[in-house]
Structures are given as structure tokens and as C-alpha cells.
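Reader: I would like a close look at a single part of this model. Please keep it brisk.

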Amino acid sequence: MLGGISIWQLLIVLGIIILIFGTKKLRNVGTDLGGAVKGFKKAMHDEEKEGDKKDADQPQAKVSHEEAGNTYDVQAEEKRAAADRNEERK
């Protein structure tokens, strides 16, 4: 493996981190991180439930074709051509 890290190297790094920060700070960081992840999961789960409730409360949309639609006959032109025609009309 290229750049593989052995278990001994991980233990040495962990020991250095414990010496620098101390076990109390690491425990607090772990607790805070766990609480943040738990809160995020709960918020996502609650949002999904709210989305399901909103979809269930609203009736399905109905499509009707009772009114006759208006049809407009138009021709697309470039702005220069339209401006030239307007000048010719004046």
C-alpha cells in the first residue's frame, strides 16, 4: 500500500494528541461532536415528517379546461429589424 499507516503510527499520533490536549478536552470535544450529529439527524428526521404531513394535508391539484384559451399570432424579429420597420412606418 502506498502511504499506508500502521496501527503503531496511529497509536503514537493518538498519544501525542492526548499529551497536547488532555483527556478532558478530548472527551468534551467528542461529546459536543456527538451531540451535534445527533441534533442534525433529529432535525433531518423531523423535517421529513413535516414534509410528509404537508403533502398529506393538501388536496391534489385539479386540471380543468373550462375556459377557452386565447391564441396570439406573433412573429419573432431581431431588434434591429424591428427598429428599421418602425422607422419606415413613421
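Reader: Which residue follows H1, and what is the sign of its phi?

Author: Glycine 22 follows H1, and its phi is positive, near 90 degrees. This is a predicted model: local features need pLDDT of at least 70, side-chain atom pairs count only at pLDDT 80 or more, and totals for chains, interfaces and linings use all residues. Residues are numbered from 1 along each chain as its sequence is written, and side-chain values use heavy atoms, without hydrogens and water.

Now H1 itself. Helix H1 covers residues 7-21 and has the highest confidence in the chain, a mean pLDDT of 91 (pLDDT is the predictor's confidence in each residue, from 0 to 100). Helices here are DSSP runs of H or I, at least four residues, numbered from the N terminus. H1 has 15 residues, so at 1.5 Å a residue it should span 21 Å; its end C-alpha atoms are 21 Å apart, which agrees. The expected span is 1.5 Å times one less than the number of residues.

Then the setting. The chain holds three helices and zero strands. Helix H3, residues 79-89, has the lowest confidence, at a mean of 70. The chain averages 78, and 72% of its residues score at least 70.

Note on methods: Helix = DSSP H or I, 4+ residues; strand = E, 2+ residues; numbered from the N terminus.
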